[in-house]
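Me: Hello! Please take one part of this model and look at it closely for me, side chains included. Then show me how it sits within the rest of the chain.

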Amino acid sequence: MVESERDDEAMPAFPWDRAPRKRAAPPRVPLTRQRIIDAAFVVLDREGYDRLSMRQVAGELGVAVSALYAHVKGKEDLLQQMYLRLFEGLHLPEPDPERWQEQVKEYAREARTRLLAHRDMAKISMSSLPFGPEMLPAVEALVALFRTAGLPVQVAAAAGDMLSTFIDGFAYSETMWEERRRGSEVRSWEELRETLTAYFDALPPDRFPHLSAIGNQMFTEDNDTRFDLGLDIILRGLASYAERDAS
């Protein structure tokens with residue numbers, strides 16, 4: 001018996017008798033406001049504005065909903081932070097009275113591009129977010145641009161709001177049409193445009209002479225061209241006030 005016990009002591013343990021090695025837990029990534037905003041954009045792009053919620057964002061991060069409130073006050077605050085992130089780094093140049101219209105166009109094009117970068121951001125911009133103190137420098141720079149162009153105070157005060165409404169509305173209409181297209185059997189915007197053009201072309205010209213005449217022009221251009229045309233219409237109107245004030 002003594003020899004047997006010694007033999008057992010000399011033998012290695014069977015593999016299945018060994019205690020399983022514990023896997024090291026992955027390091028916890030601290031929850032921050034930036035991570036919450038990142039997750040909110042993921043949810044927004046996947047679900048859309050109507051289904052974006054604090055619970056969905058918490059689920060995306062794998063945390064309890066209550067953990068979010070240490071970094072954001074609620075959904076409206078989160079939307080505000082998403083909006084600020086979207087326009088982070090968008091600066092207007094020093095006003096040039098010789099190029100002010102082109103400067104406004106460059107700003108508007110960039111703003112539209114950013115709104116279209118994420119699903120429903122134009123809708124969020126229109127429905128939820130009056131500008132806060134963080135946006136005041138950008139608003140100040142835009143008004144300075146209008147004033148440098150020679151616009152009267154009253155017109156300059158209204159111009160910024162008109163411009164932002166146009167940008168938001170145009171971007172929102174683009175996302176709205178895209179959502180409608182996805183929910184239909186139409187495979188592309190080009191196909192939808194052909195369908196709409198054919199409809200206006202088929203209108204009886206005796207009842208709708210003007211719509212019949214312009215029907216083939218309403219949907220022929222791409223959205224970039226249509227956006228620039230809208231900017232031209234707005235800016236030429238604003239420029240007429242500068243000319244009137246100078247005279």
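Reply: Happily. One cut-off is needed from the start: a residue is buried when its relative accessible area is under 20%, exposed when it is over 50%, and partly exposed in between. Arg85, at 23% relative accessibility, therefore counts as partly exposed. Please keep in mind that this is a predicted model.

The part I have picked is helix α2, which Arg85 will lead us back to. Helix α2 takes in residues 33–47, 15 residues in total. From first C-alpha to last it reaches 21 Å, close to the 21 Å expected at 1.5 Å a residue. Just after α2 comes Gly48, with a positive phi of about 90°.

Now for the inward-facing residues. The buried residues of α2 are Ile36, Ile37, Ala39, Ala40, Phe41, Val43, Leu44 and Glu47. These buried residues pack against four other helices: α3 (54–61), α4 (65–68), α5 (75–86) and α7.

Two of those partners, α5 and α3, are also joined to α2 through charged side chains. Let us take α5 and its Arg85 before turning to α3. The side chains of Asp38 and Arg85 form a salt bridge, 2.8 Å from N to O. Asp38 belongs to helix α2 and Arg85 to helix α5, so this pair ties together parts that are 47 residues apart in sequence. Asp38, like its partner, is partly exposed: its relative accessible area is 40%.

The link to α3 runs through Arg46, whose side chain meets that of Glu60 in a salt bridge (3.1 Å, N to O). Here Glu60 lies in helix α3 and Arg46 in helix α2, so the parts tied together are 14 residues apart in sequence. Glu60 has a relative accessible area of 35% and is partly exposed. Arg46 is partly exposed as well, with a value of 42%. The pair also belongs to a wider group, since Arg46, Glu47, Arg51 and Glu60 are linked in a network of salt bridges. Notice that Glu47, a member of this network, is also among the buried residues of α2.

How many salt bridges does the structure hold? There are twelve. One that makes a useful companion to those of α2 is formed by Arg112 and Glu174, with the closest N and O atoms 2.9 Å apart. Arg112 lies in helix α6 and Glu174 in helix α9 (residues 153–182), so the pair ties together parts that are 62 residues apart in sequence. Both Arg112 and Glu174 are buried, whereas Asp38 is partly exposed.

Glu174 has another contact worth following. Leu116, in the loop between α6 (100–115) and α7 (121–127), touches Ala171, Glu174 and Thr175, leaving out residues up to four places away in sequence. The C-alpha atoms of Leu116 and Ala171 are 6.5 Å apart in space, although 55 residues separate the two in sequence. Even with those contacts, Leu116 stays partly exposed, at a relative accessible area of 33%.

Helix α6 carries another charged residue to look at, Lys105. At 13% relative accessibility, Lys105 counts as buried. Beyond its neighbours within four places in sequence, Lys105 is in contact with Leu231, Asp232 and Leu235.

For a second helix to set beside α2, try α8, residues 136–148. It has 13 residues and reaches 18 Å from first C-alpha to last, close to the 18 Å expected at 1.5 Å a residue. Its buried residues are Leu142, Leu145 and Phe146. They cover an arc of only 95° around the axis, which puts them on the same side of α8. The face turned away from that buried side carries the exposed residues Pro137 and Glu140. As with Gly48 after α2, a glycine with a positive phi comes just after α8: this is Gly150, at about 95°.

Finally, the whole chain. Its secondary structure comes to twelve helices and zero strands. Of its 247 residues, 35% count as buried. Among contacts with a separation of 6 or more, 67% are between residues 24 or more positions apart. The salt bridge of Asp38 and Arg85 fits that picture of links between distant parts, as the pair ties together parts 47 residues apart in sequence.

Note on methods: Residues are numbered from 1 along each chain as its sequence is written. This is a predicted model: local features need pLDDT of at least 70, side-chain atom pairs count only at pLDDT 80 or more; totals for chains, interfaces and linings use all residues. Side-chain values use heavy atoms; hydrogens and water are left out. Helices (H or I, at least four residues) and strands (E, at least two) are DSSP runs, numbered from the N terminus. The expected span of a helix is 1.5 Å times one less than its number of residues. Buried means under 20% relative accessible area, exposed over 50%, partly exposed in between (1.4 Å probe, protein chains only). The arc is that of the directions from the helix axis to the C-beta atoms. Contact means heavy atoms within 4.5 Å. A salt bridge is a side-chain nitrogen of Lys or Arg within 4 Å of a carboxyl oxygen of Asp or Glu.
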